[in-house]
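Open your viewer, switch to a cartoon view and keep the selection box handy. We'll go stop by stop.

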Amino acid sequence: TEKWRVLAALRADKFSAPDDTYLAYEFASTYKLNEKNLVRVAVTRSNSGSFIGYNYLNVIVPTPVPGLNVTQTGNTNLNLFTVNMIEIGYRAQLTKSLQLDIDVFNQRAENFTEITAKEFNQMIGAVTAYQFSNLPTTATQNGATIGLNFVPNDKIQFKPFVTVQETTTEDLPSSLADPSLDPTLTYSTSTHKNTPSVYGGYYFNFKPGKKFNVNLNGYYFAGHRQYDATDETSTSEVGDISGKFLLNVKANWNITSQLSLYVNGRNILNSNTREFFGTDRIGGLYMVGASFSLR
């Protein structure tokens, strides 16, 4: 109808390994309450592809004991990683120059895959067989995003947004071993600390005249901790990701229709904290340049 819009999409993926058909879909709908207010809802499902390593890995590592090897193998019967999402949004044109966007969402991820211990040899006191397996773990993320778009005139545009979220993991195993090998295996539920609880960004553009333009953009995220298999105890310093505010700025001056000069600052506050596990500390970058069009 004039006020109501519906979008539906369906996709089917047929794999040889796993030998199954997976459906991905999206159902979205918007409804205009009036000329200045709109609500929307979306229900979606997506899944990963099928990976050759998960399915067909076949690594044999000899041990000091003759005829005894350690094997790492794939699994052609894995369930594919799947995410289900529900999203509800509201958009309002508060004034002629100010637009508000609010979005709340719920995401649930399941069928995580990890290589797990399957056989233990008492003679050498070590695991001798590993295989990719699905974990019973699920992760649920609940959050909300608020965004503004402020355009008071043709010279200024300001678009900030912020997302607040919490992720909870359920049935997380205490070790990556088959239950028959680890009698102490337990499963836990906890708030996931490996994703930032707050993430936001901004875009500000100022064009006082035809020849000059200034743009500021960047993002902020709260401190969190990232995990890597090389840090089994989750205590390594390189996994502590501090909260960060990044400010970028670029000013451009069009001297003629063909020649322009610019200054460009990336991370101008020179924050050199890591953004991902074990990555370099990248400081500020400051540039001055010119561009010339042959046309």
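The tour below moves from strands to pockets and then to aromatic rings.

**Before you click**

This is a predicted model, in which local features need pLDDT of at least 70, side-chain atom pairs count only at pLDDT 80 or more, and totals for chains, interfaces and linings use all residues. Numbering starts from 1 along each chain as its sequence is written, and side-chain values use heavy atoms, with hydrogens and water left out.

Helices (H or I, at least four residues) and strands (E, at least two) are DSSP runs, numbered from the N terminus. Two strands pair if DSSP finds at least two bridges between them.

**Stop 1: strands 3, 6 and 7**

Select residues 37–47 and 82–93. These are strand 3 and strand 6, paired in the antiparallel sense over 11 bridges. To see one position in that pairing, show Arg 40, which stands opposite Gly 89 of strand 6.

Now add residues 98–110, which are strand 7; 12 bridges join strand 7 to strand 6, and the two run antiparallel. Here the position to show is Ile 88, opposite Val 104 in strand 7. Follow the backbone from strand 6 to strand 7 and you trace a hairpin, with four residues between the strands.

**Stop 2: a four-stranded sheet**

Next, colour strands 4, 5, 9 and 8. They form an open sheet in the order 4-5-9-8, with mixed pairing. The edges are strand 4 (58–62) and strand 8, each pairing on one side only. From one strand to the next, the twist averages 15 degrees (axes are lines fitted to C-alpha atoms, for helices over the stretch in contact, and angles run from 0 to 180 degrees between N-to-C directions).

Start at strand 4: five bridges join it to strand 5 (residues 69–73), and the two run antiparallel. Val 61 has Val 70 as its bridge partner in strand 5. Six residues separate strand 4 and strand 5 in their hairpin, and Gly 67 in the turn has a positive phi of about 80 degrees.

Then cross from strand 5 to strand 9: these run parallel and are joined by three bridges. Pick Gln 72, and its bridge partner in strand 9 is Tyr 130.

**Stop 3: the two pockets**

Switch on a surface. On a 1 Å grid over the protein atoms alone, a pocket is an open set of points where a 1.4 Å probe fits, with protein on both sides within 12 Å along at least five of seven lines; lining residues have an atom within 4 Å of a point. A volume is the space filled by probe spheres set on the points, which are joined across faces, edges and corners.

The largest pocket has a volume of about 1,200 Å³. Of its 34 lining residues, select Glu 114, Leu 135, Leu 172, His 192 and Tyr 227, the closest to its centre. By class, the lining has 12 nonpolar, 17 polar and five charged residues (Ala, Val, Leu, Ile, Met, Phe, Trp, Tyr, Cys and Pro count as nonpolar, Asp, Glu, Lys and Arg as charged, and the others, Gly among them, as polar).

The second largest pocket holds about 190 Å³ of space. Arg 40, from the first stop, is back here, and the lining also includes Arg 91, Asp 101, Asp 103 and Lys 159. Which strand gives the most to this lining? Strand 10 does, with four residues. By class, the lining of this second pocket has three nonpolar, four polar and five charged residues.

**Stop 4: aromatic rings**

Show the rings of Phe, Tyr and Trp (its six-membered ring): they pair if their centres lie within 6.5 Å, and planes under 30 degrees apart count as stacked, over 60 as edge-to-face and the rest as tilted. The whole structure has nine aromatic pairs.

Zoom to Tyr 54 and Phe 132, a tilted pair at 4.9 Å centre to centre with 50 degrees between the planes. Tyr 54 sits in helix 1 (residues 52–56) and Phe 132 in strand 9 (residues 126–134), 78 residues apart. Is each ring's residue buried or exposed? Phe 132 is buried, with a relative accessible area of 12%, while Tyr 54 counts as partly exposed at 31% relative accessibility (buried means under 20%, exposed over 50%, partly exposed in between, with a 1.4 Å probe and protein chains only).

Then try Phe 158 and Phe 204: their ring centres are 6.0 Å apart and their planes at 70 degrees, so the pair is edge-to-face. Phe 158 lies in strand 11 and Phe 204 in strand 13 (residues 198–206), so this pair ties together parts 46 residues apart in sequence.

Finish on Phe 161, Tyr 199, Tyr 219 and Phe 221, which form one aromatic cluster.
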